[in-house]
Structure formats: C-alpha cells, structure tokens
Amino acid sequence: MRELIDLIYFLFPLFIATTVPLSIVALGGLFSERSGVVNIALEGIMIMGGFIGIIAMRALIENTELNLQIIAFIGLFTGATFGMLYALAHAFASITMKSNQIISATALNMFAPAMSVFIARTFWNTSNLNLMGNYTISKVPILGDIPIVGQLFFTNAYLSTYIGIIIFIVATAVLYKTRLGLRIRSCGENPHAADSLGVNIYRVRYIGVLISGALAGMGGVIFVLSFATRFSGSVAGFGFLALAVLIFGQWHPKKIIFAALFFATMRVIADTYSVIPGLNMIVMPREIYRMLPYIATLVVLSFASKRSRAPRAVGEPYDPSKR
Amino acid sequence: MAFVIEMLNITKEFPGIKANDDVTLQLKQGEIHALLGENGAGKSTLMSVLFGLYQPEQGIIKVRDKEVVIKNPNDANDLGIGMVHQHFKLVHNFTVTENIVLGYEDTKKGFLQLDNARKRIKELSEQYKLRVDPDALIENISVGQQQRVEILKMLYRDSEILIFDEPTAVLTPQEIQELMKIMKRLVSEGKSIILITHKLNEIKAIADRCTILRKGKYIDTVEVKSTSNEVLAEKMVGRKISFGVEKTPAKPKETILKVEEVSITDYITQKIVVKNVCFEVKRGEILTIAGIEGNGQTELIHGITGLKPLTKGKVILKEQDITALSIRQKSLSGISHIPEDRQKHGLVLEYSLENNLILQNYFTTQFQNRGFFKFDNIRDHAEKLIERFDIRSGKGPLSQVRSMSGGNQQKAIVGREIDRNNDLLIAVQPTRGLDVGAIEFIHKQLIQERDQGKAVLLISLELDEVMNLSDRILVMYEGEIVGEFDPQKTTENELGLYMSGSKRGKQQ
Amino acid sequence: MKLKTLGSQIVKKVAERPSTISVSASVLAIIAGLFVGFIVMLIINPGQAFAGLRSILFGPFSDMEGGRSLGNTIYYAVPIILTGLSVAFAFRTGLFNIGATGQLTIGAFVAVYIGVNWAFLGPLHWIVAVLGGMLAGAFWGSIPGILKAYRNVHEVVSSIMLNYIAMYTVTMLIKQTIFNATSARALAPETTARLPQWFLGDVFPRSSINIGIFIAMILVVITHIILNKTTFGYELKSVGFNRDASQYAGMSEKRNIILAMAISGGIAGVAGAVMFLVTGRFMSIENHLMAEGFTGIAISLLGLSSPIGVFLAGLFYGALEIGGFYLQRTTNFVPQIIEIIIAVIIYFSALSLFLQKFVANFLSKRLKKEVQISEGSDVL
C-alpha cells in the first residue's frame, strides 16, 4: 500500500507535467481552428516561444537576483509574446494572403528549430541552452497541508499547472460565453454568414491565430521547464501531439482536457513502465506506448470523420466572392 | 412621394466587365419594389453596392434624401438596410438566437446577454407571425423557417429597408404564399421592400413597381399593375420571346428505360428519399419529372446512373437489367447524363475544355492506345464539338473551363453528352442559372434529340420548362411519384397542387 | 523601329505564358530566401556576410578541378529530388503528402534491413534493397490513401500521425533487428547493398556521388509521362481536382486516391533507400523526424509540382547544402543558415499566389510601357 502511494506521488507530477503543456497548446490550436485557420505550426511556435522564453530566463538568472517563480512567470510571458509574434507570420500568410495554410505552417515548423539552433550556436557556441534552477513550488501555504490532495496538487508543483487550469477556464468561457467566442466560432463554421452581419472575418481570424500563438509559445516554455534542464531546438513533437489532442478532443475544450489526460497517461507509461509494478511484467517496447496516442487519434478520425465536429470552414481562406 | 432609397447612376466595374452601367433605382416608402433581370444582369451587384459589399466607381446613394457612403454591411445596417440572401447566411450549429444576435451582440461585463435577445426574438416572431423557436438549432429546422430566421435578423436590427434576393427559389408553393403574406405584413407595418427576382408571376402577385436591368444597364422602371407580362419579359430579355417552344407532337416508340419499384435510403440520415418509384421512358419522347427541389429527384437520378446505390428495385435499359452495373458500365450501355450540378459533377474546372470534352470517353480507343493519349484526336474532337454546339471560350480547346461562362460550360456538357449518341439522355435541370439565349439553345437541342429517336428524361423545377418541353409529366413529392399528366390537359396550378403534396393521385 | 516592335512582341508572348509568371514567382521566393539569409548574416557578422553569401551561392563550384563538390551537390540533391517528386506527384493528384518523411523512414528501414541481411543476393542486392524500400514506402503511403478513400480522413492529419508512428515503429524495429549496440544505431548495409558509383566516381573523383541520380532521373521521366501523357495520369488528376466529377465519369475515385498516395509513398521510400544505402550514413534511434520529407515540400513548390521543375529545384537544394558546408569552412557562420533560407523559401512559396499576381502586374505594366514606346507613335 505504502509502495502504491509512493508510486502515485512519483508518477503524478510527471503526469501533470505532460498534461499541462499538451492541453495548453491544444487549447491554443482550438482558437485558431475554431476561427477557421488550420494551425499545424504549433510545433514551430512552441519551439520559438520556448527558445526566446528560455533566453529571457537565462538573462534574468545571470543578471538579477529575482525569485525563480517570478523569473518563470516572466519566461512564460515572454514565450507567449514571441509565440504570438511568430504566429503573426502564419496569420498573415493564411488570412491576408490567402495562402495554403499547411505550407505556411510547414515553413514555420522548419524555421523555428533552424533559427534557434543558429542563434544558440552563433552566440553561445552550443545547440543546447542550459537552464539553471529548480522551478517547482515546494509547498503552497495552507493548501499544501491538506492530506493527499495537498500533497498531489500543492507540493512540488509547477506554477504552470495553476496557469494551465486558469487558461482552461478562461478559454472555455471566452469561447462559449463572450461576443468574441461567438464570432470566432461563427468564422470557423460559416464565415459568409458572419461577414454578412458585419463581423470582420480577417480580424477575428487574426485574433484566433494570435491566441493560438500565445498559448503555444507559453506551452513551449512550460515544456522546457517541466521536461528538460536545457533547450536544444526541439520540443520533441509535442506540438504535433497537441494537434492530435485537439483532433482527438473533437475541437471541444472539455474533451481536449480528457484527450490530454489520456495522451499524458500513455506517455508517462512509456517513460516509466519499467518501474511500475504490473506493467513491467508485460514486455512491450516503450515505442508502442509512445505511438499509441497517434494510433488512437487515427482510429478516432477514421470512425468520426463522417460526422466530424471539425469546424466546417477550417482550412479555407475566406473569399467573399464565393458564396 | 418620398423615396427612402435612391441609387443614382451607379456604375460598378469588374476586370473586363461593367456589372452595373449607369443604373438608377428609387425605392418609395412602404412599397414592394421588384428588381427584374436575367442571371448576370447586374441585380446582385447593385444590391451588393447598396449593402456595402462593393464600392461603386460612379454614382451616389441617398437614404431619405441624404447622400451616404456605405462602406460595409455595418454601415448598411446602421442606415436600416437589411438583406435576406439567396443562399442563407446561417451558422448550422448555432441556435436561432445566436444566429440572429451575431454581429449585433449585447454584452454585460464582457459576457453575452442572450436572454434579452431571446425575449425580443419571441416578441418579433409573434408580431409578424413568423413562428420561429429561438432555441432551435438551425440544422434542425426547415428551409422555410430558416428563411424566417433571416427575416428576423433584419427585424432584430430594426431595418426599415428589406432586400429579398430570389427568396422563393427554395420554397414550396405553400411556403411562397406564406412568405408573400409576411412581406405584405412587413410593408403594412411601414417597411419598404426590394424584391430581386426573375420570376414574372411573383412580381405580378406582390410588387408595386418594377425596375428592369439587362446586361448591367438600366432599362426601365414601370408600374406593375399597368404592365403586361409580355412587356416585362421583353424588357428583361431585350427582344420578343416566345413563351412556348416550337415542337411537333411526340411519336413515342419502344421503351428504352424502365424503372421498377426503386427505393433509396439516404446513407447518412437513414431517411427513405425515394419510395417505390416506377416509370418508363420511350424512344421519341421527353418525360419530365417535375417537383420542388429536394423531393428525391436528385437521388432518383443518382440511383439510375449509379452514383448512389439502390435499396430496392430494378433499372432496365433496352430490356437489359443494368441495376447492378458500375457507373462506367451503365454509362457505356447507353446513358448520357447532363448532371444537376455542372461544376460539381459535370466538369473538372481545372482541366482545359478539350480534356473536359473527353471526360466520359477518354478511355476509348478513339483517344488512347495502351494508356497513352492520342492528342491529335482529342483536339479534333474538341474542335468538332465547339463548332457544332457553339461553345465560346477564350482559347478554344485549350481554355480552362473555370474561366468560361456558365452558359458555355453547360453547352460543353450538353455537347459532350449528346455527341455520345446514346439512346437515353438524362438532363437534370439543364438550364439552371442560364440566360434566355442559352436556355433556348439547350431546349432546342433536347427536342432535336427526341425527334431523332432518343428517349429523353428531364428533371426540372421550373414549371414553364416542364409545360413547354414535356410530352409526359410525372410529379414527384417526398420521394414518390404522385401523379402523371399530359401537358396539353393540365395547368401549372394543378401541377403545383401535386408538387406541394396537397393533392395526390395514383400513378397510371 | 520594326525590330523593337518584334522584340516587344516576343517579350509579350513570353510574359503572357502562365508558366513564365509562376516560374518567376519561384525565382522570387528563392531570392527572398537568400535575401533573408543574407540579412541574418549581415546582422550577425557584417564583415563576413558577403563571403558567406558567396559560399552559399558558389559552393558547388568551389573546387572545380576535382569536381568533388559538384559530385557532392548531386549526392545531396538526390534524396531531396525524390522527396520533392513524391510530394509533387501527390500535389498534382490533389493530395498533400506531408507524410513523405514517414514513408521515407519506413522505406529506409526496409532497404537497410535487406541491405544488412540479404547478402546472398549478390549483385542484385542493392536493386532488391531499393525496391524493398519503394514497396515499403508505397505501403505506408497507401494508409492515408485508404483512410481518405474509405473513411474520409484528411490526408494531412493522418499523415502527421503516421509520421510519428513510422518513427517509433522504425526505432523499435531497428532495436530488435539490425541494432549495432556499441554505437547505438542501425548496422551498416553490406557493401553489395550500397549504391554503386559506376563511372560517376571517375567523373567526380573523391565525391560521394552514386547512381542514385540515375534512379531519380528515371523516376522524374516516368512520373512526367504518367502525369501528362496517359489515361492513368488523367484519372489521377481528375480525382484530385474533382472527386464528384470523376465518380460521375465512372472512374474509381477510391482506387485512384489510394494509388496516387501509394506511388507518392513509393517514391519517398526510394528516397529513404537512396539515403541510407551508402557508406558512412546510419539510421539512428533518436526519434527525430527526418527533415528531408519536409524539405521535399519546399522543393515541390519551387519546382511548381512538375517533375522536371522538381529536378532542377532539387539540384538547387543540393547546391545550397554544399554551400552550407563551405560556409562553415570559410566563415564563422553556422550551417543552420541554410535551413533558415529553405524555411523562408517555403514561406514565400506559400505566398506564391500573391507573388504570381505581383509578377503578372509587374509584367503587364512593363508591357504597356513597352507597347507604348514601340507602338505609341505608329498607332496612336
């Protein structure tokens, strides 16, 4: 029994650390796609946001005496800002220039790792940027003392976990309860309807893509904070995994969270199955667990796409003359 | 009499075409003003200018005697101008309320306030007897109701000037009656209406005055009461047109196509869309299936040609059971098919004209040898059809079909299908969206085919066309054949009653 | 005067051809990419920026006497020509094969597996290995085809998933079958399985060039013929442009979609085989998607999705790659600048519609001027 509890205490932080960036980035993708713009550039945006966020944090650590949590917060904010700026390139190509959204996103996905490695090697002579410090919050006052829940959620926790929860609540509220949300959804389903009612499609779609950029950029920083002590021009396919989460979650915030939980479970198992009692008896290569989320997404796609909940107008540049 | 809207000397050019050339339209307070013209006459452009979607190169717009500039639909909305578009602009998975408030939302501390809107929509709905449930999802309500949601959108925005763009195209006769009542009610409450249409009887039934456009030019504005249909039609087309089509009585011979108890169930909705349909088409006759859009005609033809599987029944062509054959085999056994949607089924828009003209027989030895094309033959074939069917385009056989006009695209299909010289010609709405010249041309071709001993199966929604071309008429309603008629002995009115399901008879 | 009129007529003829406009759009995208690369170099190290640009542009010709860099340019170009061809073929049939990298990975694994294990094949060894790679790629490519044809799953989404599935599958299979535990990577294929150099080794001494270039040329010609001269190509393109019309015309749209994806995947599989049936290159187990598949998208766009255009664009890429190599030698710049340039080129290719309009406008303005100059006095 004691062992089981220890195991849970061991696995739980990993589980959260995987779920949070996945769901934040997927929620970002949600805003872009619900507004009608396919965003397979999430991977590239995560890299760009993560890279610049880490640079900012390194600079702060070297030059200031700030509390690590404040530095982390600034890192997240910087990542979000630059993720948004980077996503602007995708928005410009796919909305203003009516380009093929997949091609534009592919360019973003190639540019970000190249640029970050280029800069890292040029200025620091290495493609791995180390990040010093332990960014967990050892214990949240009062809440951390609650038995079990306190230990699971409020000790050795990341700031990003709480930010993630706030983002989920705000994102859901924005999408379903506000004017912007109504307009975003209408642009993804039937932009001609929205246009005829004076909604500025281009503006709404820009907002959608920029939100996705901010969230993906922040997700990039969270990824580095929670998984690596260094940044090497990659987020290990997390952006594409988040895209799978978005699809598996059928473009719906709550389902996205469940999809992220499921994907995170698979990933945690893949990384730790050798130490989990029970699972270590079944000899299954870790690659199987790694690929399960993608296979699951394919299965869901092949059984749902006849009645897919994908926004109807997603991927089509808005052309007012086509009715 | 005061004008609420004056569009004076409007000119709007697109690359290579003057869509509106010095057009004037004046709308009186409280009238229903029809805007009449053929497809491509410039009606939609003019209304788009009024609605702020396009900026005119010349001309001014006055609203209640004040000159205004309308830069976008929001400006139009602020001036009290609203529009019911021909293709409804509704978000399918939004509720009625969400659709209506979109773009005009009421918020409190950033959050949507839908309750007030819902209340207001209920009130308006009762005031104008529109009977719409504010909480229904758009995808779950009928086309007629969807149109009333469009009307509610305008009323919700307190629009005083209402534009209806071809509003009856998708409605049943009953729904049309209902709509006309609603329009009269709107006018009696002080609204003014512009009705865009090319249907003369609608104008006669409801409009006060009528402005006629032709090829982008302003022709005339007339009082409807004192103007005959013939005069209106002549002004619209620019020459005298015969309402009838010249043809000799049919001389039907042996049966070519026999459809036996065909039923089709829709794969997605699981609805039965065609029920036990039986009929025959004979050599030397035009059999028309009339009906309102969406009563199973499309599915029936798809079933006969193989685009959709039959749930039950048989299709027999020249005494051979072709039910189980593939689309290609059916086509080769003697079916020419002018499809309903020329851009969806009939053409590959990215291909050149010559490549489209071989779409149904590119695989024959005329055009290929062991899989390699005989390009000379393809070119010859194209040039032959272009000449015979007068297909006009920029670069002849090499024109990209996308760049061709609708009429010439349709001529290409008609030419291709007729040239295949099959015993059965199926033509589904062959004249939809075409101008009068192209319509006449295609009608002549169909009659010529009949006279040369082909069996012609025509699907049409236009009663004029049904009455003029047919040798026999079947009416289809909710997937069933509800009556058979001799065009000499029936009237449009009688057909209308059957088409709307208010009367039904046994098939003879 | 007459000569001038004739000249302007020729200019006009050339300018009016749609291909002129799209080719100039490609050239503009390349210029934009190089320009951004140059600016980046200028910011980092203004003193070396020009030298850097020179290395990038003239890398392939930098040691002409041996022809080594020219040979290596071709060596690097071949896999990219093939992935570019793979993407282009799919493009022409209306499909977006973003899964070339996955097909390439699977193809590479099967090729290397055969290369390691089937030495008994003797002189046929490398041929069988390449064919094995092709079949494996075709199989992997047909999966998104089948999913699209029968389940209506968009090929881009399924291909992205399949890229990762391929990556993990291959890592797993390498570990289980052809693992070199000491260096933690795949075993090298037997020498009989490596692509021969034939006379190319003499023409381009000391370079890594092999007959992969001939394989690429053959596939370029075959795809060109299929797409432009055959009923099969006509069907593939019809289905790509308009599924409904193809169905109406009695084509089997499902079969064609699957075939198109399988062919595209097969070409990517060959790319994988060509990449790894060589000396000194090993498949890794590091779980990285191979960039060649994505670069293929750029090459396909630059080549305007025509097989011959792809061939030229692929050579250009090979030159850039060698340029990057010399860049490192002659200046302090990091070779990632090449990837930056490629990414910018893709981005501008995405804007190609805009670029084409830009070129078209530019040409028509020029023409008006020319026509006015040459004909103005006569006609007006």
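Buried area is the accessible area that two parts lose on being put together, summed over both. By that definition, chain C and chain A of this predicted model bury about 3,900 Å² between them. Within chain C, domain 1 and domain 2 bury about 900 Å². A helix of chain B, H17(B), completes the briefing.

**Chain C against chain A**

- Carbon and sulfur atoms give 80% of the area buried between chain C and chain A.
- The contact joins 44 residues of chain C to 45 residues of chain A.
- On the chain C side, Met161(C), Tyr168(C) and Tyr347(C) lose the most area to chain A. Together they account for 17% of what that side buries.
- One salt bridge is counted between the two chains. Glu287(A) pairs with Lys175(C), with the closest N and O atoms 2.8 Å apart.
- Five residue pairs are in polar contact across this interface, both residues of each pair being at pLDDT 80 or more.
- Six elements of chain C each give two or more residues to the side that touches chain A: H2, H6 (125-151), H7 (155-177), H13 (292-302), H15 and H16 (352-379).
- H7(C) gives the most to that side, with 14 residues.

**Domain 1 against domain 2 in chain C**

- The domain assignment gives domain 1 of chain C two segments, 1-45 and 342-380, and domain 2 of chain C the range 65-332.
- Their contact takes 12 residues from domain 1 and 11 residues from domain 2.
- Of the area buried between the domains, carbon and sulfur atoms give 84%.
- In domain 1, Ser26(C), Ile342(C) and Ile346(C) lose the most area to domain 2. Their combined part is 44% of what the domain 1 side buries.
- Zero salt bridges are counted between the domains. One residue pair is in polar contact, with both residues at pLDDT 80 or more.
- Helices H2 (18-44) and H15 (336-350) of chain C each supply at least two residues of the domain 1 side that touches domain 2.
- H2(C) provides the largest share of that side, seven residues.

**Helix H17 of chain B**

- H17(B) spans residues 492-499, and its buried residues are Leu495(B), Gly496(B), Tyr498(B) and Met499(B).
- Viewed down the axis of H17(B), these buried residues fall within an arc of 165°, so they line one face of the helix.
- Thr491(B) caps the N-terminal end of H17(B). One of its side-chain oxygens lies 3.1 Å from the backbone nitrogen of Glu494(B).
- Gly501(B) follows H17(B) and has a positive phi, near 80°.

Key
Residues numbered from 1 in each chain as written. Chains lettered and ligands numbered in written order. Predicted model: local features only at pLDDT ≥ 70, side-chain atom pairs only at ≥ 80, totals over all residues. Heavy atoms only, no water. Buried < 20%, exposed > 50% of the residue type's maximum accessible area, 1.4 Å probe, protein only. Helix = DSSP H or I, 4+ residues; strand = E, 2+ residues; numbered from the N terminus. Arc of directions from axis to C-beta. Polar contact = N/O pair within 3.5 Å; in protein donor to acceptor, adjacent residues only side chain to side chain. Domains from an automatic or database assignment. Contact = heavy atoms within 4.5 Å. Buried area = accessible area lost by both parts, 1.4 Å probe. Salt bridge = Lys/Arg side-chain N within 4 Å of Asp/Glu carboxyl O.
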